[in-house]
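Trainee: I have some questions about salt bridges, a helix and an interface. Can we go through them one at a time?

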Amino acid sequence: MAIYNGIDAAHEHLMDVAKATILAAGKAPTLTHRFELMTEIVTDEDMDPIIDVLATLGENSAFQRHDAVALQSLKDQGKLPPVVLFGADLMKPALWDCGACGFKTCGEYLKFIKDNKGVGVGCYGPSCVWQSIDFGTVCDYACACTARHHVESRIMFSIGACAMMLGHLEGATWVLGLPIGPLGQNLWFGRTAWKDALTFDQRMMTQLAGGPTNQMAFSGGGNPIIKSKQKWWEDPTYMKVEQDENFVEAEANGLAKVYEKIMKYSGVLDDDE
Amino acid sequence: MARIHIDEFPPYSPPDQAKKENVLMVAKLMVNAALTAPLTGGVPGHEAEIAYGQKELEMIAREMERLAHKEVPKRLKKPFLYEAVMVRESDAIVFLGNKRAHETPMDVGCGLCGGEPDCSFVYDRLNHFNGLIDATDRSRETTVKGPLCQIRAHDLGYVIGSALWMAEEHFVDTKPCYSVGLAGRNIGICMNSELVVGIPIAVLSKNPYVDIPPNYHLTNMAKQIDAVRKITVITRQIPNHPYFTHDAEAKAKSGKKKKEE
């Protein structure tokens, strides 16, 4: 007989839920009948390289920073949940000659991918559309399973992309990450750790960039004022489309830094190089 | 006091119709579940439609049979014909369509469609003006008009998954089908979508979507029942007898007795 700390015991139970989500994912019905799931559970310090690469990517992109900050904060609090990686080789065609990928037949598609495989921001391609759909159904079953266990989760592109670049689930063309937990309510939405990551002005500017017409003054003049401050009519600001060379350069430098880190973690580069 | 008699046979009889009404409730809940599925960036982009009723399902089954014979590659011919049988045995069909993959890509450069860190693969192959895709030309050279934004297409998977999960929670059998989705789309169901998947759903003591024997489109239960109707009518005309004045069985028994004596 023993008395357990409930929170610690529940945290340990997250690993069992992680296993249950994999079972659920395996039970998902698919359209192609050819879908082959790859999966792995990453825990504790094995998450460190993923968080590090994510944070490096985040230096130029709020999207990755958002996740890196959250994961780092959970790690600092000793609450880092197990992360299930789901992946698949989506290049294998369903062999239906449907045309959805942009080629008339699966034969033409296969001929194309022989010489044109490549990688984008987080996935390899080209892919079979129906495999991409099946991958979604499989991940959905995993998400639904965590919901049934009343466990927090959010399926994440960012974690999966970094994990894939770091060599997890070899052979997969796309990997998604599903943190199983932590304990609590809505922790992947309205994130506590994010509250100090952006200033109020940055938050307002992001909103404005996402929906400029919401803050647009009379637009009939041809050069509409964007109401970006309290007294918007004084020294007005205007909408303008321009190339941003500084940002392009910063992004390129950031990516170089990311690749350097990935090479370091894979042992290609020494730490001091 | 109301008495609702429920039975699965014969199809479309009042007891079966009562069961079908229950299934329709689940179909509606499946659509709700589908619409709450997790999506890339939480962006909405799906539509749903439910086909319910004997005529409605027959129209879909027939389009599937047309596709089987006229359009899809040979390896899909039999699966399409078999799934047409499953549609006829179903109580309803939930259609889920993706409105974005062909018209409003994610524009994130993920690499899924062409393996490049931009969206050029899709935009270079579609008719667009400054990134605004013109989807008004709906003619197709292939069964599905591609290329499509794959990360948007991936979203459809979650939508299907949540619908299937909801059906499972209610012990209703389902099977997500490429064939059913295509047929529905071709006859105007989920008409804002290029990618449509159909989920036939059924409540029967035997799951109608598994244990499929060869040439199922010719050997299924409806065909066998029809065969009984066809053959019994002929057979009964041979052993006919004037039953009101003549008991053939009694006559045979008494004849047998006499012989023994």
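Trainee: Which residue forms a salt bridge with A:Asp196?

Mentor: Bear in mind that this is a predicted model. A salt bridge needs a side-chain nitrogen of Lys or Arg within 4 Å of a carboxyl oxygen of Asp or Glu. Here the closest N and O atoms are 3.7 Å apart, and the partner of A:Asp196 is A:Lys195.

Trainee: Are A:Asp196 and A:Lys195 buried or exposed?

Mentor: The cut-off for exposed is over 50% relative accessible area. By that rule, A:Asp196 and A:Lys195 are each exposed.

Trainee: How many residues apart are B:Lys20 and B:Asp91, which form a salt bridge?

Mentor: The closest N and O atoms of B:Lys20 and B:Asp91 are 2.8 Å apart. B:Lys20 lies in helix α1 of chain B, while B:Asp91 sits in the loop between α3 and β2 of chain B, so the pair links distant parts of the chain by the helix and strand assignment. Both residues are buried. Their separation along the chain is 71 residues.

Trainee: Which residues are linked with B:Lys20 and B:Asp91 in a network of salt bridges?

Mentor: The bridge between B:Lys20 and B:Asp91 belongs to a network. The other members of that network are B:Asp16 and B:Lys19.

Trainee: Why does B:Arg88 count as partly exposed?

Mentor: B:Arg88, in helix α3 of chain B, pairs with B:Glu65 in helix α2 of chain B, at 2.9 Å from N to O. Buried means under 20% and exposed over 50%, with partly exposed in between. B:Arg88 counts as partly exposed because its relative accessibility is 32%.

Trainee: How many residues of α5(A) are buried?

Mentor: Helix α5 of chain A covers residues 129-148, 20 residues in total, and reaches 29 Å from its first C-alpha to its last. The helix is largely enclosed by the rest of the structure, because the buried residues number 18 of the 20.

Trainee: What area do chain A and chain B bury between them?

Mentor: In the contact, 47 residues of chain A meet 45 residues of chain B. Of the buried area, 64% is on carbon and sulfur atoms. The total between the two chains is about 3500 Å².

Trainee: Which element supplies the largest share of the side of chain A that touches chain B?

Mentor: The rule finds 21 residue pairs in polar contact across this interface. Several elements of chain A supply at least two residues each, including α4 and β5. The largest share is 14 residues, and these come from α5(A).

How values were computed. Residues are numbered from 1 along each chain as its sequence is written. Chains are lettered from A and ligands numbered from 1 in the order in which they are written. This is a predicted model: local features need pLDDT of at least 70, side-chain atom pairs count only at pLDDT 80 or more; totals for chains, interfaces and linings use all residues. Side-chain values use heavy atoms; hydrogens and water are left out. Helices (H or I, at least four residues) and strands (E, at least two) are DSSP runs, numbered from the N terminus. The expected span of a helix is 1.5 Å times one less than its number of residues. Buried means under 20% relative accessible area, exposed over 50%, partly exposed in between (1.4 Å probe, protein chains only). Contact means heavy atoms within 4.5 Å. Buried area is the accessible area (1.4 Å probe) that two parts lose on being put together, summed over both. A polar contact is a pair of N or O atoms within 3.5 Å; within protein, one must be able to donate a hydrogen and the other to accept it, and residues adjacent in sequence count only if both atoms are side-chain atoms.
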